[in-house]
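Please open the model in your viewer and keep the sequence panel beside it. The tour below goes from one selection to the next and says what is there at each stop.

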Amino acid sequence: MAQFEHWTKETFSANFRKMLTLEQYRDPKLAQLHHDYLACGPLKYMAVIFRKLADSDETAMQLALEFYL
């Protein structure tokens, strides 16, 4: 919940997220940054946390995906 509020309610973070979402289509470097910050980065972070609870990397990734649903 804190991560969601950070990217949606804090003025600077919300504006950065909006700008990055739009600019990802214009510049490949910004597309990579968008991917790392808002897409795959948080998912991989949660998978690392769930890896301590799971028996495999695949299970950890599945738990991370379910966490965001």
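Begin by selecting alanine 31, which you will find in helix H3. In this predicted model, alanine 31 has a relative accessibility of 25% and therefore counts as partly exposed, since the buried class is reserved for values under 20%. If you add phenylalanine 16 to the selection and draw a distance between the two C-alpha atoms, the pair is 13 Å apart in space and 15 residues apart in sequence.

Stay on the same helix and move to histidine 34, which also lies in H3. Is histidine 34 buried or exposed? Histidine 34 counts as buried because its relative accessibility is 14%, and the cut-off for that class is under 20%. Now display its surroundings: leaving aside residues up to four places away in sequence, histidine 34 touches Leu20, Thr21, Gln24 and Ala39.

One of those contacts, threonine 21, is the next residue to select, and it takes you into helix H2. Threonine 21 is partly exposed, with a relative accessible area of 30%. With residues up to four places away in sequence again set aside, threonine 21 touches His34 and Leu38. For a backbone distance here, pick the C-alpha atoms of threonine 21 and leucine 33, which are separated by 9.8 Å although the two residues stand 12 apart along the chain.

Return to H3, which covers residues 28–51, and follow its axis until you reach cysteine 40. A kink of about 55° lies at this residue, shortly before proline 42. Which residues of H3 are buried? Select His34, Pro42, Leu43, Met46, Ala47 and Phe50, which are the buried residues of this helix. As a guide when looking down a helix axis, an α-helix has 3.6 residues a turn, so residues three or four places apart point the same way. With the buried set of H3 still highlighted, bring up helix H1 (2–9), helix H2 (11–23) and helix H4 (57–68), because these are the elements against which the buried residues of H3 pack, contact being taken as heavy atoms within 4.5 Å.

The next stop in H3 is lysine 44, which is partly exposed at a relative accessible area of 49%. Add tyrosine 68 to the selection, and you will find that its C-alpha atom and that of lysine 44 are separated by 12 Å, with the two positions 24 residues apart along the chain numbering.

Finally, zoom out to the whole chain, where the fold reads α-α-α-α along the sequence, with four helices and zero strands. The radius of gyration is 14 Å, well over the 11 Å that the globule rule gives for 69 residues, so the chain is more spread out than a compact globule. Taken along the principal axes, the C-alpha atoms fill a box of roughly 40 × 25 × 15 Å.

Colouring by burial will pick out 22% of the 69 residues as buried, while a surface view shows about 5,400 Å² exposed, of which carbon and sulfur atoms supply 62%. Among contacts between residues at least 6 apart in sequence, 13% join residues at least 24 apart. As a last selection, show the charged side chains: there are 8 positive and 9 negative ones, and the centres of the two sets lie 6 Å apart.

Definitions and conventions:
Residues numbered from 1 in each chain as written. Predicted model: local features only at pLDDT ≥ 70, side-chain atom pairs only at ≥ 80, totals over all residues. Heavy atoms only, no water. Helix = DSSP H or I, 4+ residues; strand = E, 2+ residues; numbered from the N terminus. Rg over C-alpha atoms; globule rule 2.2 N^0.38 Å. Buried < 20%, exposed > 50% of the residue type's maximum accessible area, 1.4 Å probe, protein only. Areas by Shrake-Rupley, 256 points an atom, 1.4 Å probe, with all protein chains shown as cover. Lys, Arg positive; Asp, Glu negative; His and termini not counted. Charge placed at Lys NZ, Arg CZ, Asp CG, Glu CD. Bend = angle between axes of the 7 residues up to and from the residue.
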